[in-house]
Amino acid sequence: VSDWSSDVCCSDLEQYEPELWRQLTGAVREGDVVVDAGAFIGLYTLAVAIRVGVSGRVIAFEPDKSNREALESHVRLNHLEERVTIRVAAVSDSDGTVPFRADGTCESRIGAPSDGAQSVPCVRLDSIFPPPQRVDIVKIDVEGFEERVLDGGADLLRDSRRCPRL
């Protein structure tokens, strides 16, 4: 992975969430379809994209413009454009728009309209992955809104033919 920004929250990438890192990267198989909800600048997106191989896909969701631009740059620098699809949206339990506090850090999050949040597109996993589409792994890091992501993907996640390793 090349060209990591020096201003990210996690300056020592080798020590960043070591248990999650080990579990996630160990679970990914060649050909997998992986969702990265809250992709930030792409640490997990890139690592997973390498592991899914040319037959796999990573769909990365990142609504924060600054973070998404870094993510796009990292995908290009690592020549993973054919494996990674970047979606400009938050993932939650509804389709439409949500207030979002974008601050260009790993702390960006869905907020309240009164706290200076901007409006961003919002999608449900069930809308993005209708039957018969499958997803092998879902990584969620959305600053406290993980349950909403799960609620918005309930049909997908309940179907063992479409989400076989849950």
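## A buried lysine and its partner

Lys 139 is buried, with a relative accessible area of 8%. This comes from a predicted model. The side chain of Lys 139 forms a salt bridge with the side chain of Asp 36. The N to O distance is 2.5 Å. Asp 36 sits in strand β1, which covers residues 33-37, and Lys 139 sits in strand β8, residues 137-140. The two are 103 residues apart in sequence, so their pairing ties together distant parts of the chain.

Asp 36 is buried too: its relative accessibility is 3%. The cut-off for buried is under 20%, so both 3% for Asp 36 and 8% for Lys 139 qualify.

## A pair with one buried side

Arg 134 and Asp 136 also meet through their side chains. Their salt bridge has an N to O distance of 2.8 Å. Asp 136 counts as buried, at 7% relative accessibility. Arg 134 is partly exposed, at 36%. That value falls between the cut-offs of 20% and 50%, so "partly exposed" is the right label.

## A pair with an exposed arginine

Asp 159 and Arg 161 make another salt bridge. Here the N to O distance is 3.2 Å. Asp 159 is buried, with a relative accessible area of 16%. Arg 161 is exposed, with a value of 71%. Exposed means over 50%, so Arg 161 earns that label.

## The whole structure

How many salt bridges does a search of the whole structure find? The search finds seven. Among them are Asp 36 with Lys 139, Arg 134 with Asp 136, and Asp 159 with Arg 161.

How values were computed. Residues numbered from 1 in each chain as written. Predicted model: local features only at pLDDT ≥ 70, side-chain atom pairs only at ≥ 80, totals over all residues. Heavy atoms only, no water. Salt bridge = Lys/Arg side-chain N within 4 Å of Asp/Glu carboxyl O. Helix = DSSP H or I, 4+ residues; strand = E, 2+ residues; numbered from the N terminus. Buried < 20%, exposed > 50% of the residue type's maximum accessible area, 1.4 Å probe, protein only.
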